[in-house]
Amino acid sequence: MIKFPKDFEWGTATASYQIEGGFHEGGRTDGIWDRFTRIPGNIADGTNGDIACDFYHHYEEDLKLAGEAGLQVYRFSISWSRVLPDGTGAVNREGIDFYKKVIAKIHENGMKAAVTMYHWDLPQCLQDRGGWMNREILEWFREYVNVLYAELGESVDYWITENEPFCTSILGYWTGEHAPGFHDYSMALLAVHHLMLAHGVAVKEYRKTGLKAEIGITLNLNRVYPATDDPKDVEAAARLDMQSNALFCDPVFKGCYPRELFDYLVEQGVTVPEIREEDAELLGNKIDFLGINMYETHYAIYDKESWPYQAREVKTGRPITDANWQVTPEGMTEILEFAYENYHPEKIIVTENGAACNDWLQENGKVEDTNRIEFLHQYIKAVGKAIEEGIPVKGYYVWCFCDNFEWAYGLARRFGMVYVDYKTQKRYPKESLHWYSRVIAANEIE
């Protein structure tokens, strides 16, 4: 039996574009995913987030269900386009009021509100001005976060500046599988730099407000190990590991980027970002907690055709989820150990962990997702092991509360603890939600 600390917080996580719907309601304008999903071939099942699970109209029902399950923290994100329809300038009162009502309902149902300020949905009008390629985005982001601080203020319990800048930059500007869909590694690296600077801007502005809630960032971290003992595979995996972890952790905790990685990329012909003298101060702004999203450990081999890292990820025969991700619970403990030993965050929150499963709704209204329960069981045990080692993990959030629009997978991948019938928008709690509720009540796991 693993017992968790009395102050440990159990929660769940969501994101605006994935759940809200109401894409042209309440003054919201298009974001980059509205544009991206309309390009044929970008989304596996051809769907989009126009409706998703319609949280915009069902938030009271969803938050009541979460509260009744005993969840202690509800993490959600703000749609920049809903708050500032023109990206900057006039504030959309209807959009701000929506989020005020959401936070009020979170508290009314006995939960804390964890607010992510940027979860990939940049206003399209700002993308048209260069998006994360344009350094002016630091000022756009400064204006945006200050609106949120002023309007939502003390009602927020945890502030998260950005979610997974790896995905915004590497998947959005290099592999092209995420919006805005580009394929240029030099662009991706510049996006990394502007994202990390924007995070620093958000933290710096927050410290001026006098607000007392904690602020941090969420990074998707995972170790990358060599698939064999071949020295070339070992070196290749180490390069991908630096891209996954040091490229984002170093600027947050050290105020700089991994020199070894940048030197290697220059040798490969990549244009690395210009680092200005004032950038180190922004990058190194102290955070109160590190959010870690972890789903799987990666394995890699040397592949000279895979530019720029000459490395390619491979499967190793482990079980996989419905998202084709390997089930590697030991990797949860390992990444928590890595983060703590190398960067010494005062507090860590596992801000996302979960599994896509091939769920189906039975005639009796039940969804018996035993595979998800087993996944969560193993990963939560791995978190408990890290806590027993003295690592300051203070919370764990399941991704996701309800089935939603899962980015490039569309509606074809179900990550939720609540089944959503997308035709009727009816909700059906899965067995995993009942199981998680019991774990939370006991504050321990077998």
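In what follows, Lys and Arg count as positive and Asp and Glu as negative, while His and the chain ends are left out of the count. On that basis, the protein carries 44 positive and 70 negative side chains. The centres of these two sets lie 3 Å apart. These values, like the others below, come from a predicted model.

The overall form of the protein is a good place to begin. The chain has 446 residues, and a compact globule of that length would have a radius of gyration near 22 Å; the protein has 21 Å, which agrees. Along the principal axes, the C-alpha atoms fill a box of roughly 60 × 50 × 45 Å. Within this box, the protein holds 15 helices and 15 strands. Of the 446 residues, 61% count as buried. The accessible surface comes to about 16800 Å², and carbon and sulfur atoms contribute 49% of that area. Contacts can also be sorted by how far apart the partners sit in the sequence. Among contacts with a separation of 6 or more, 75% join residues that are 24 or more positions apart.

Strand β6 offers a helpful example of how strands line up with one another. This strand covers residues 214-220, and 6 of its 7 residues are buried, so β6 is mostly covered. Strand β5 (residues 158-163) pairs with β6 in the parallel sense over 4 bridges, with Y158 standing opposite E214 of β6. Strand β8 (residues 289-293) also pairs with β6 in the parallel sense, here over 5 bridges. In this second pairing, N220 has N293 of β8 as its bridge partner.

An antiparallel pairing is found further along the chain. Strands β13 (residues 418-421) and β14 (residues 426-429) run in the antiparallel sense and share 4 bridges. V420 is bridged to R427 of β14, and D421 stands opposite K426 of β14. The hairpin formed by β13 and β14 has 4 residues between the strands, and Q425 takes a positive phi near 65° there.

Two residues of this hairpin region return in the surroundings of H58. This histidine lies in helix α3, which spans residues 55-68. Its relative accessibility is 18%, and because buried means under 20%, H58 counts as buried. Once neighbours within four places in sequence are set aside, H58 is in contact with C53, Q425 and R427.

C53 also appears among the contacts of Q18, a residue of helix α1 (residues 16-19). With a relative accessible area of 0%, Q18 is buried. Leaving out neighbours within four places in sequence, Q18 is in contact with A52, C53, H119, W399, N404, F405, E406 and W407. Q18 and I39 are 21 residues apart along the chain, and their C-alpha atoms are separated by 18 Å.

Finally, D229 gives a view of a loop. This residue is found between β7 (224-226) and α10 (231-254). The relative accessible area of D229 is 76%; exposed means over 50%, so D229 is exposed. D229 and I301 are 72 residues apart along the chain, while their C-alpha atoms are separated by 9.7 Å.

Note on methods:
Residues numbered from 1 in each chain as written. Predicted model: local features only at pLDDT ≥ 70, side-chain atom pairs only at ≥ 80, totals over all residues. Heavy atoms only, no water. Rg over C-alpha atoms; globule rule 2.2 N^0.38 Å. Buried < 20%, exposed > 50% of the residue type's maximum accessible area, 1.4 Å probe, protein only. Contact = heavy atoms within 4.5 Å. Areas by Shrake-Rupley, 256 points an atom, 1.4 Å probe, with all protein chains shown as cover. Charge placed at Lys NZ, Arg CZ, Asp CG, Glu CD. Pairing = 2+ DSSP bridges.
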